[in-house]
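Trainee: Could you take me through one part of this model at close range? I'd like to look at the sheet and whatever packs around it.

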Amino acid sequence: MRILVTGGAGFIGSHTVVELVNAGYEPIIIDNFSNSDRSALDGLRQILNRDVIFYQGDCNDPETLNAIFEKESLGGVIHFAAHKAVGESVAKPLMYYRNNLDSTILLLETMQRYGVSNLVFSSSCTVYGQPEQLPVTEATPRLPAQSPYGNTKTICEDIIRDTVRSGAAMKAIALRYFNPIGAHPSGLIGELPLGVPSNLVPFITQTAAGLREKVTVFGNDYDTPDGTCIRDYIHVVDLAKAHVQALRLLDSQEENSYYDIFNVGTGQGNTVLELIKTFEEVNQLKLNYSIGPRRPGDVEKIYAQVDKVNNVMGWRAEKSLADGLRDAWRWEQNLHLKNSTVSG
Ligand code: UD1
């Protein structure tokens, strides 16, 4: 079955392409490289030992989407492509609303026109804000978004839900990702942040590689065992596999108008300092870090309750925090090897 993967050259998208092929699907990638790099496609070819079907284009462009839907006889869509930088979204809200909402609406319209019913959507635990009770279940109420980026996830979930409920011939699943980390164990694909990373793990690996001077831990006066924030760090390969399970679940639903949401995390929370300690241990190095002030907008602690995704999808996280941090570091090192070979 041919599956359109929007943003398939990106971090989570590229890992999902690998797992789709492993599961017997044929991924069709569309990506405009706005926050990804062509080299991800080379990595995919090496891992898969075959070519991948790729369209360079924008999923806000009706003609591009029409051409792909016309040609490819799709059996489903996984929609990753979106802007995702929280700070940038505060500075450029219209860019975020225009891009993230338009692409989702256009995809839904195009899917309906071509009779493609199955959609998996990339959502985020950001929709929960700081929940009152932990762990968060899918029934935990969403809170008003802290940023335009977060709001686009909430709104897109609702747009998809309402479309499915309208009686359209559609089935959809929104996956609420917790904090994706790591890289493919081959070291051939991974996260490629443009500019200074805002996420913790790429900042750590770039610091360990000497690109950044030190990691600042954003606050150690939170109400947690060591005072630093708690997150649920999920290995990107595990997360990628959840998309395959979501497609299978959609396929098994007889009824149109099926819509559901799933938390995708490990069910375990770790503090920033625990993560740094694990990074140092598994990679046998010392990281230069210091404690700084809190980052505005950070939630204190969040981790997932994963019973639903375990029971309904038959998916569970298999890789550990240590696996993720080992793989992230291997990827960072490979990047520098590659760059020094190219420039040398
Ligand atoms: C962030 C976004 C979230 C988005 C996700 C995408 C915010 C408030 N949230 O999640 O909406 O879905 O990225 O991946 O931006 N930390 C440091 N030092 C650093 C970087 C991070 O101490 O240099 C800490 C943060 O305070 C946080 C943890 O590390 O406690 C994880 O941060 P990050 O990787 O940025 O993810 P989130 O903030 O959880």
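Mentor: What follows starts with the sheet, then moves out to the helices, the cores, the odd backbone spots and the ligand.

Keep in mind that this is a predicted model. The sheet is open and has 7 strands, in the order β3-β2-β1-β4-β5-β6-β11, with parallel pairing. At the edges you'll find β3 (53–56) and β11, each with a single partner strand, so one side of each has no neighbour in the sheet. From one strand to the next, the twist averages 20°.

Now zoom in on β4, which covers residues 74–79. This strand is mostly covered, with 5 of its 6 residues buried. On one side, β4 pairs with β1 in the parallel sense over 5 bridges, and there V5 stands opposite I78 in β4. β4 also pairs with β5, again in the parallel sense, over 3 bridges; in that pairing I78 stands opposite V120 in β5. So if you click on I78, you can step across to V5 or to V120. Carry on from β5 (residues 118–124) and you get to β6, joined to it in parallel by 7 bridges. One pair to pick out there is N118 with its bridge partner K171 in β6. As you go along a strand, remember that side chains in a regular strand alternate between the two faces of the sheet.

Next, the helices that lie across those strands. Helix α3 (residues 62–72) lies across β1, β2 (26–31), β3 and β4, and runs at about 165° to β2. Helix α5 (residues 93–114) lies across β1, β4 and β5, at about 170° to β4.

M111 is a handy residue for looking at α5, the helix it's found in. With 0% relative accessibility, M111 counts as buried. Leaving out residues up to four places away in sequence, M111 touches F69, V77, V116, S117, N118, L119 and M170. Of these, F69 falls within α3, given its range of 62–72, and V77 within β4, given 74–79. M111 and N66 are 45 residues apart in sequence, yet their C-alpha atoms are 9.5 Å apart in space.

On to the cores. The largest nonpolar core has 48 residues, and those with the most contacts inside it are L20, L44, I173, L175, F262 and M313. Two or more residues each come from β1 (2–6), α1 (11–22), α2 (39–48), β6 (171–177), α8 (236–252), β11 (258–264) and α10 (307–313). The largest share, 8 residues, is from α8. I173 is a good place to sit and look around: beyond its neighbours within four places in sequence, I173 is in contact with L119, V120, F121, A246, L249, L250, Y258, D260, F262 and M313. V120 is there again, the residue that I78 stands opposite. Apart from this core lies another, of 27 residues, including I30, L65, C156 and V164.

A few backbone spots deserve a look before you trust your torsion plots. Most residues other than glycine have a negative phi, and most peptide bonds are trans. N49 has a positive phi of about 60° and is not a glycine. N49 sits in the loop between α2 and β3, and at 70% relative accessibility it counts as exposed. S257, also not a glycine, has a positive phi near 70°. The place of S257 is the loop between α8 and β11, where at 43% relative accessibility it counts as partly exposed. As for the peptide bonds, the one from L134 to P135 is cis, with omega near -5°. P135 is in the loop between β5 and α6 (148–165).

Last, the ligand. There are 18 residues around it, of which L200, T216, R231, R295 and D298 come nearest. For L200, a polar backbone atom is 2.8 Å from an oxygen atom of the ligand. For T216, a polar backbone atom is 2.7 Å from a nitrogen atom of the ligand. Y149 uses its side chain instead: an N or O atom there is 3.1 Å from a ligand oxygen atom.

Definitions and conventions
Residues numbered from 1 in each chain as written. Predicted model: local features only at pLDDT ≥ 70, side-chain atom pairs only at ≥ 80, totals over all residues. Heavy atoms only, no water. Core = buried A, V, L, I, M, F, W, Y, C linked by side-chain atoms within 4.5 Å. Buried < 20%, exposed > 50% of the residue type's maximum accessible area, 1.4 Å probe, protein only. Helix = DSSP H or I, 4+ residues; strand = E, 2+ residues; numbered from the N terminus. Contact = heavy atoms within 4.5 Å. Pairing = 2+ DSSP bridges. Axes fitted to C-alpha atoms, helices over the stretch in contact; angles between N-to-C directions. Near = heavy atom within 4 Å. Polar contact = N/O pair within 3.5 Å; in protein donor to acceptor, adjacent residues only side chain to side chain.
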